[in-house]
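Student: I've got the model open and I'd like a close look at one loop and whatever sits around it. Pick the spot, and walk me through it at bench level.

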Amino acid sequence: PIGDIEIGDGRIVAVGRSTAGAEQFDVDGRTVLPGLWDAHVHSVQWAAARRRIDVSVAASARETALLLAKNASDGMIFGSGFRDGLWPDQPHKDVLQGILPGREVVVSSNDLHTVWLSPAALALVGVPGHPTGVFREHECFAIMAALPQADAAEVDGWVATATTAAAA
């Protein structure tokens with residue numbers, strides 16, 4: 001379809017209406033499409049995952065916890081990339097507690113729709129009595145939002161580093 005696109009300050013500000021007196025450009029039959037937006041590439045989640053312990057190779061909940069313990073440093077432990085669908089055991093707060101006693105452990109699934117927390121991390125986000133420590137879908141998103149967050153400048157640095165690595 002043919003239509004007007006209004007551009008202001010280098011950005012598309014309106015589509016489908018004509019502004020009287022606006023400068024016009026003939027795009028000679030070309031198609032104008034929006035660029036990629038963070039909701040498509042999840043750049044913040046991707047950049048954050050690059051800074052976490054990769055647990056994607058683990059074949060069980062116990063193996064995941066052992067991998068986290070082997071690679072943990074001081075402070076909160078963040079793991080990323082588990083796929084529990086074919087595990088012989090289930091992710092559970094007690095598995096993390098048994099291998100990493102008293103530690104704040106947060107492990108996100110490969111698809112970012114499940115998060116698994118240790119008892120210490122559950123207490124941090126205000127749900128110490130949760131029966132399993134595993135949250136899926138909307139509950140997962142709420143838990144992730146309740147965790148301590150890096151400031152915007154630090155996150156921007158993570159994204160810049162990640163995109164530079166991707167471009168290389």
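Tutor: Start with Leu-112, which counts as partly exposed because its relative accessibility is 33%. Keep in mind that this is a predicted model. Leu-112 sits in the loop between E5 and E6. Its phi is near 65°, which is a positive value in a residue other than glycine. As background, most residues other than glycine have a negative phi.

Now look at the two strands on either side of that loop. Strand E5 covers residues 105-109 and strand E6 covers residues 114-117, and they pair in the antiparallel sense over three bridges. If you want one pair to click on, Ser-108 stands opposite Val-115 in E6.

Zoom out a bit and E5 and E6 turn out to belong to an open sheet of five strands, in the order E3-E4-E5-E6-E7, with mixed pairing. E3 (53-54) and E7 stand at the edges with a single partner strand each, so one side of each has no neighbour in the sheet. Over at the E3 end, E3 and E4 run parallel and are joined by two bridges. Asp-54 has Ser-80 in E4 as its bridge partner. E4 itself is mostly covered, with five of its six residues buried.

Let's stay with E4 for a moment and go looking for rings. Searching the whole structure turns up three aromatic pairs. In one of them, the rings of Phe-82 and Trp-87 have centres 5.6 Å apart and planes at 35°, so this pair is tilted. Phe-82 counts as buried because its relative accessibility is 1%, and Trp-87 is buried too, with a relative accessible area of 8%. Phe-82 also pairs with Trp-116, this time edge-to-face, at 5.8 Å centre to centre and 75° between the planes. That brings us back towards our loop: Phe-82 lies in strand E4 and Trp-116 in strand E6, so the pair ties together parts that are 34 residues apart in sequence. Trp-116 is buried, as is Phe-82. Put together, Phe-82, Trp-87 and Trp-116 make one aromatic cluster.

On to charges. The whole structure has one salt bridge by this search. It joins Asp-84 to Arg-136, with the closest N and O atoms 3.2 Å apart. The two partners come from distant parts of the chain, 52 residues apart: Asp-84 is in the loop between strand E4 (77-82) and helix H4 (93-99), while Arg-136 is in strand E7. How covered is each partner, buried or partly exposed? Asp-84 is buried, because its relative accessible area is 14% and the cut-off for buried is under 20%. Arg-136 counts as partly exposed, at 40% relative accessibility.

Arg-136 leads us on to Glu-137, which lies in the loop between E7 and H6. Glu-137 has a positive phi, near 55°, in a residue other than glycine. Its relative accessible area is 40%, so Glu-137 is partly exposed. Then comes helix H6, residues 138-146, which lies across E5, E6 and E7 and runs at about 115° to E7.

On the other side of E7, have a look at His-130, in the loop between helix H5 (119-124) and strand E7 (134-136). This residue is buried, with a relative accessible area of 17%. The side chain of His-130 reaches the backbone nitrogen of Gly-133 at 2.9 Å. If you skip neighbours within four places in sequence, His-130 is in contact with Lys-93, Leu-122 and Phe-135.

One last stop, at another positive phi. Strands E1 (residues 5-8) and E2 (residues 11-15) run antiparallel and are joined by four bridges. Ile-5 has Val-15 in E2 as its bridge partner. The hairpin of E1 and E2 has two residues between the strands, and Asp-9 in that hairpin takes a positive phi near 55°. So when you go back over the backbone, the positive values to click through include those at Leu-112, Glu-137 and Asp-9.

Conventions:
Residues numbered from 1 in each chain as written. Predicted model: local features only at pLDDT ≥ 70, side-chain atom pairs only at ≥ 80, totals over all residues. Heavy atoms only, no water. Buried < 20%, exposed > 50% of the residue type's maximum accessible area, 1.4 Å probe, protein only. Polar contact = N/O pair within 3.5 Å; in protein donor to acceptor, adjacent residues only side chain to side chain. Contact = heavy atoms within 4.5 Å. Pairing = 2+ DSSP bridges. Axes fitted to C-alpha atoms, helices over the stretch in contact; angles between N-to-C directions. Salt bridge = Lys/Arg side-chain N within 4 Å of Asp/Glu carboxyl O. Phe/Tyr/Trp six-rings, centres within 6.5 Å; stacked < 30°, edge-to-face > 60°.
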